[in-house]
Structures are given as C-alpha cells and as structure tokens.
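Here is a protein chain to explore together. Take a look at the model first, and then we'll walk through it piece by piece.

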Amino acid sequence: MSVSEDKNTCGRKTVLRVINISLTAILVLLLCFVILKIFFITWATVDQSSMYPTYGDGDTVFVSRLGQPERGSIVVYYDKDVSVPRLASAFGLFSGGAKLLIKRVVATENDMIWLEPEDNGYTVKILYADADSAAGEEYTDGEGKPVELAPLTLDPDTVGILRGKTRWDPYIVGEGCVFAMGDNRAASQDSRVFGDVPVSRIIGTVIG
C-alpha cells in the first residue's frame with residue numbers, strides 16, 4: 001500500500017469515527033430529552049382564560065413531574081382518564097381527545113370546603129384534614145404578589161356543587177383526589193362543575 005493510499009484509509013477511518021461519535025452523542029441527547037420530558041419536567045401552553053391574571057391565554061408554563069400536588073399549587077391535568085398520561089402529555093400521543101387544563105389546587109383529599117358570606121358575595125373556606133381551624137384562600141403569584149380572587153355569587157355557574165354547603169354540611173374531597181379551581185372564578189370550568197380531580201390525571205405542578 002502506498003503512502004497516499006494509507007493516508008486516505010486513515011482519513012476515512014477518522015471521518016467514520018467522528019460520524020459514529022456524533023451519532024452516539026445525538027442519540028444520547030435525544031434519549032436524555034425523552035427521559036426528561038416523561039419523568040422530570042415538561043411544558044404546556046395555556047389556551048384558556050380560567051387562570052387570568054396569574055396566567056393568560058397563550059402563556060407557556062413549565063411543569064414539574066416530581067412530587068405530589070399541594071394545596072395552593074397550580075397543576076396541569078387531563079379532563080378525563082388517559083391510558084398513558086406521561087407519554088401523552090410529553091409528546092401529544094395517545095391522549096384520546098383528552099384536554100389539558102391548568103387550575104389551582106384549593107384542597108386535597110379529606111379536606112372540607114364550604115362558602116361563607118362576605119360583603120360582595122361568598123368566599124371559599126377550607127378545613128384541612130390535618131388542621132383544627134378553617135382557613136381562607138391566600139395565594140401568591142410567581143413574583144410573590146398576592147393573587148386577587150373575586151368573591152363568588154350563588155349563581156350555579158360560579159358556585160356549582162358548593163351551592164348550599166355550610167360549615168356543618170361541607171363538601172369533602174374524595175380519597176386520591178384534589179379540588180381544583182381557576183383563579184378567574186367567573187370564567188372557569190373546574191371542580192365546581194366536574195367535581196374532584198383524581199391525582200392520577202395530574203401530569204405535574206407548574207414551576208414559578
């Protein structure tokens with residue numbers, strides 16, 4: 001083999017080695033991306049006004065898949081059962097027409113919810129399952145500013161299944177579920193209409 005042929009052979013081997021390394025790196029990065037979206041963090045686009053002014057229509061939110069939903073946290077969940085929710089929410093596959101919703105967790109399992117009259121309507125009161133006294137709703141946005149919630153009226157569209165509930169006859173959140181409501185209470189279809197949200201439908205908690 002001549003010197004020139006030897007150089008050409010070495011050159012081809014170097015090119016193939018670079019290609020193999022590049023392809024391997026791309027595959028590893030792709031695998032990491034898939035694992036990240038399925039098990040750790042994903043994102044969703046808000047296509048509703050139910051969380052205004054905390055989030056508006058068209059906003060993109062990052063969603064952590066780690067941990068369990070807590071009272072006051074904002075979650076993204078499916079409006080009906082999905083066979084493979086993590087894969088569906090990560091890549092839009094196998095959702096079966098289910099829609100992703102974004103709402104705030106008002107109460108968790110075994111918490112008691114009812115309405116109390118205020119000057120301009122009614123406010124939500126909650127007796128947490130692990131507390132002795134009732135609390136109102138106090139939330140902050142991503143910048144730490146208080147979230148302003150308009151009082152509810154007794155109109156069925158804004159009260160829903162909470163209508164007529166009192167401290168002595170509260171609504172009790174079911175096992176393995178949360179009660180979720182939009183911050184824009186006058187324009188939100190949520191647990192007041194559909195009832196409890198099974199934790200199994202929740203894909204994660206909004207970050208920030």
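What follows is a short tour, from the overall build down to single residues.

## The big picture

Before anything else, keep in mind that this is a predicted model. The chain has four helices and 10 strands. Reading from the N terminus, the elements go α-β-β-β-α-β-β-β-α-β-β-α-β-β. With a radius of gyration of 25 Å, well over the 17 Å that the globule rule gives for 208 residues, the chain is more spread out than a compact globule. You can see this in the box that the C-alpha atoms fill, too: roughly 95 × 35 × 30 Å along the principal axes.

How much of the chain is buried? Of the 208 residues, 35% count as buried. The chain exposes about 12,100 Å², and carbon and sulfur atoms supply 58% of that area. Now think about who touches whom: among contacts with a separation of 6 or more, 60% are between residues 24 or more positions apart.

## The N-terminal stretch

The UniProt record (an unreviewed entry) carries the annotation "transmembrane region" for residues 21-44. In the model, residues 21-44 are 83% helix and 17% strand. The C-alpha atoms at the two ends of this stretch are 33 Å apart.

Cys 32 falls inside the annotated range of residues 21-44. Is Cys 32 buried or exposed? In between, as it turns out: its relative accessibility is 44%, so Cys 32 counts as partly exposed. Cys 177, on the other hand, is buried, with a relative accessible area of 15%. As for disulfides, the structure holds zero.

## A sheet of seven strands

Strands of a sheet pair through backbone hydrogen bonds, either parallel or antiparallel. Here, seven strands make an open sheet with antiparallel pairing, in the order S1-S2-S10-S3-S4-S8-S9. S1 and strand S9 (197-198) stand at the edges with a single partner strand each, so one side of each has no neighbour in the sheet.

Let's trace a few of the pairings. S1 and S2 run antiparallel and share five bridges, and Trp 43 sits opposite Phe 62 in S2. S2 is also joined to S10 by two bridges, again antiparallel; there, Val 63 has Val 206 as its bridge partner. Strand S10 (residues 202-206) is linked to strand S3 (residues 74-78) as well, through three bridges in the antiparallel sense. One place to spot this pairing is Val 75, which stands opposite Thr 205 in S10.

## A sheet of three strands

There is another open sheet to find, built from three strands in the order S6-S5-S7 with antiparallel pairing. Its edge strands are S6 (121-127) and S7 (171-172), and each of them pairs on one side only. Strand S5 (residues 112-118) pairs with S6 over seven bridges, in the antiparallel sense. One of the partnerships to look for is Glu 118 with Gly 121, which belongs to S6.

## The annotated active site

Which residues does the UniProt annotation "active site" cover? The record, an unreviewed entry, names Ser 50 and Lys 103. They span 54 residues in sequence, yet their C-alpha atoms are no more than 7.6 Å apart, so they gather at one spot.

Ser 50 lies in the loop between S1 and S2. With a relative accessibility of 2%, Ser 50 counts as buried. Setting aside neighbours within four places in sequence, Ser 50 is in contact with Ile 102, Lys 103, Gly 182, Asp 183, Asn 184, Ala 187 and Ser 188. Notice that Lys 103, the other annotated residue, is in that list of contacts.

## Two backbone oddities

Most residues other than glycine have a negative phi, and most peptide bonds are trans. This model has an exception to each habit. Tyr 52 and Pro 53 are joined by a cis peptide bond, with omega at about 5 degrees. Pro 53 is placed in the loop between strand S1 (41-45) and strand S2 (60-64).

The other exception is Asn 110: its phi is positive, near 70 degrees, though the residue is not a glycine. You'll find Asn 110 in the loop between strand S4 (100-108) and S5. Asn 110 has a relative accessible area of 34%, so it is partly exposed.

Key
Residues are numbered from 1 along each chain as its sequence is written. This is a predicted model: local features need pLDDT of at least 70, side-chain atom pairs count only at pLDDT 80 or more; totals for chains, interfaces and linings use all residues. Side-chain values use heavy atoms; hydrogens and water are left out. Two strands pair if DSSP finds at least two bridges between them. UniProt positions are given in the numbering used here, feature names are shortened, and annotations may be inferred rather than shown by experiment. A disulfide is a pair of cysteine sulfur atoms within 2.5 Å. Buried means under 20% relative accessible area, exposed over 50%, partly exposed in between (1.4 Å probe, protein chains only). The radius of gyration is taken over C-alpha atoms; the globule rule is 2.2 Å times the number of residues to the power 0.38. Contact means heavy atoms within 4.5 Å. Accessible areas come from the Shrake-Rupley method with a 1.4 Å probe; for residues, only the protein chains shown count as cover.
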